[in-house]
Amino acid sequence: MLTSKESAAHSRFIERSRRYRESEASLLESLIEVDSLQLWRKMKYSSTFQYCVKEAGLSDDVTANFIRVARKAAKVRALRDAIAKRELSVTIARKITSVITNENAAEWIAKARTLTQKRLEREVAEANGKEGKKRRAKARPIGRNLVDLSMQIDESTMEKFRRAQELHSQCQKKLSELDETLEAVLEFYLKHKDPLRKAERNVAKPANRSQDRPIKPKRPPRPAGVTHSVHARDEGACQEVLPNGERCGSRMWIDIHHIVPVSEGGLDIPENLITLCKPHHRMQHGHH
Ligand SMILES: [Zn+2]
Ligand SMILES: [Zn+2]
């Protein structure tokens, strides 16, 4: 038997769990709403994801899962209803987003409600496998300096990987394990492709030899030194200031934007250039 103190703790816990599930369901409804209104655009965020993280303070993981479920629920009415009626939690719903459609909704909702999580994951994996889809790659930190990376790659990609392994092994005069090969391949790629690395190497050189040159009607290519100093200054990250005062900071899909357009006499000099991510760049130019 529970003591009265224990029994009170138990009731509190059950009551709060109920409220948690309730608020989870209404949060999802609200997310469907703000997502369909595209509030992120109006508020100058780069995406609904960024809006949720920066404006609402949700974690990356929670946001990613909620968005995935919200977008599916917006399309599959039965899924939306099941969550609203709290037959499914958002976490469980997330497990079936890759397979559920309007046609098979009843079947997958029933499975999600009755099967153990392991069993459900296996059935979803099987259903996905039948369509020949790859499982999403996963990177999970498992220590201070260690990440468990798991992914499925095509045979042709694996062939390239093996070939790189051969070359790297030859170079090292000993067998290069796959992780060592990956490290070498990434290092090589970044050395040649990363504008930040190029900027680090070149920023010492004079940057703007051609800044005084008049702008010709045919836009001349921007001097590499200018690009390098913009990358070094902006650290390769979007500089858009968000409504919460933080900078966007995205390093994916970045552009260099002219603050004063070239067509209005804007110069190709670092002072007139700013790093923006694609969504924020598009907003600057006013087309959606
Ligand atoms: Zn621009
Ligand atoms: Zn941005």
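## Helices α11 and α12

The axes of helix α11 (residues 195-202) and helix α12 (residues 224-234) cross at roughly 110° and come within 8 Å. The angle makes α11 roughly perpendicular to α12, since crossings of 65 to 115 degrees fall in that class. This is a predicted model, and the descriptions below refer to it.

On the α11 side, the residues that meet α12 are P195, L196, K198, A199, E200 and N202. Their counterparts in α12 are A224, G225, T227, H228, S229, H231 and A232.

## Helix α5 and its surroundings

Helix α5 covers residues 77-84, and L79, R80, A82 and I83 within this helix are buried. Seen down the axis of α5, the buried residues fall within an arc of 165°, so they line one face of the helix. The cover over these buried residues includes α1 (4-36), α4 (60-75), α6 (90-96) and α7 (105-114).

One of the covering helices, α4, holds N65. With 18 C-beta neighbours inside 10 Å, N65 is classed as partly exposed, because the buried class begins at 20 and the exposed class ends at 12. Leaving aside residues up to four places away in sequence, N65 touches V90 and R94. N65 and V90 are 25 residues apart along the chain, and their C-alpha atoms are separated by 7.9 Å.

## Two loop residues with positive phi

Most residues other than glycine have a negative phi. R86, which is not a glycine, has a positive phi of about 60°. R86 follows α5 and belongs to the loop between α5 and α6. R86 has 12 other C-beta atoms within 10 Å and is therefore exposed.

K173 also is not a glycine and has a positive phi of about 60°. The residue sits in the loop between α9 and α10. K173 has 7 other C-beta atoms within 10 Å, so it is exposed.

## Helices α9 and α10

R163 lies in helix α9, which runs over residues 155-172. R163 counts as exposed because it has 11 C-beta neighbours inside 10 Å. Between the C-alpha atoms of R163 and D255 the separation is 34 Å, and the two residues are 92 places apart along the chain.

Helix α10 takes in the 16 residues 178-193. At 1.5 Å a residue, a helix of this length should span 22 Å, and the end C-alpha atoms of α10 are 22 Å apart, which agrees. The number of buried residues in α10 is 1 of 16, so the helix lies largely in the open.

## The β1-β2 hairpin

Strand β1 (residues 138-143) and strand β2 (residues 146-150) pair in the antiparallel sense over 5 bridges. The two strands form a hairpin with 2 residues between them. Among the bridge partners, R140 is matched with D148 in β2, and G143 is matched with L146 in β2.

How many residues of β1 are buried? Of its 6 residues the number is 0, so β1 lies largely in the open. β2 is hardly covered as well, with a count of 0 buried among its 5 residues.

## The β3-β4 pair

Strand β3 (residues 254-258) also takes part in an antiparallel pairing, which joins it to β4 over 5 bridges. Within this pair, D255 stands opposite L276 in β4. D255 is the residue whose C-alpha atom is separated by 34 Å from that of R163.

Is β4 enclosed or in the open? Strand β4 occupies residues 273-277, and 5 of its 5 residues are buried, so the strand is largely enclosed by the rest of the structure. L273, T275 and C277 point one way from β4, while I274 and L276 point the other way. Residues on both sides of β4 are buried. For β1, by contrast, the number of buried residues is 0.

Methods
Residues numbered from 1 in each chain as written. Chains lettered and ligands numbered in written order. Predicted model: local features only at pLDDT ≥ 70, side-chain atom pairs only at ≥ 80, totals over all residues. Helix = DSSP H or I, 4+ residues; strand = E, 2+ residues; numbered from the N terminus. Pairing = 2+ DSSP bridges. Expected span 1.5 Å × (residues − 1). Arc of directions from axis to C-beta. Contact = placed C-beta atoms within 7 Å. Axes fitted to C-alpha atoms, helices over the stretch in contact; angles between N-to-C directions. Parallel < 35°, antiparallel > 145°, perpendicular 65-115°, else oblique.
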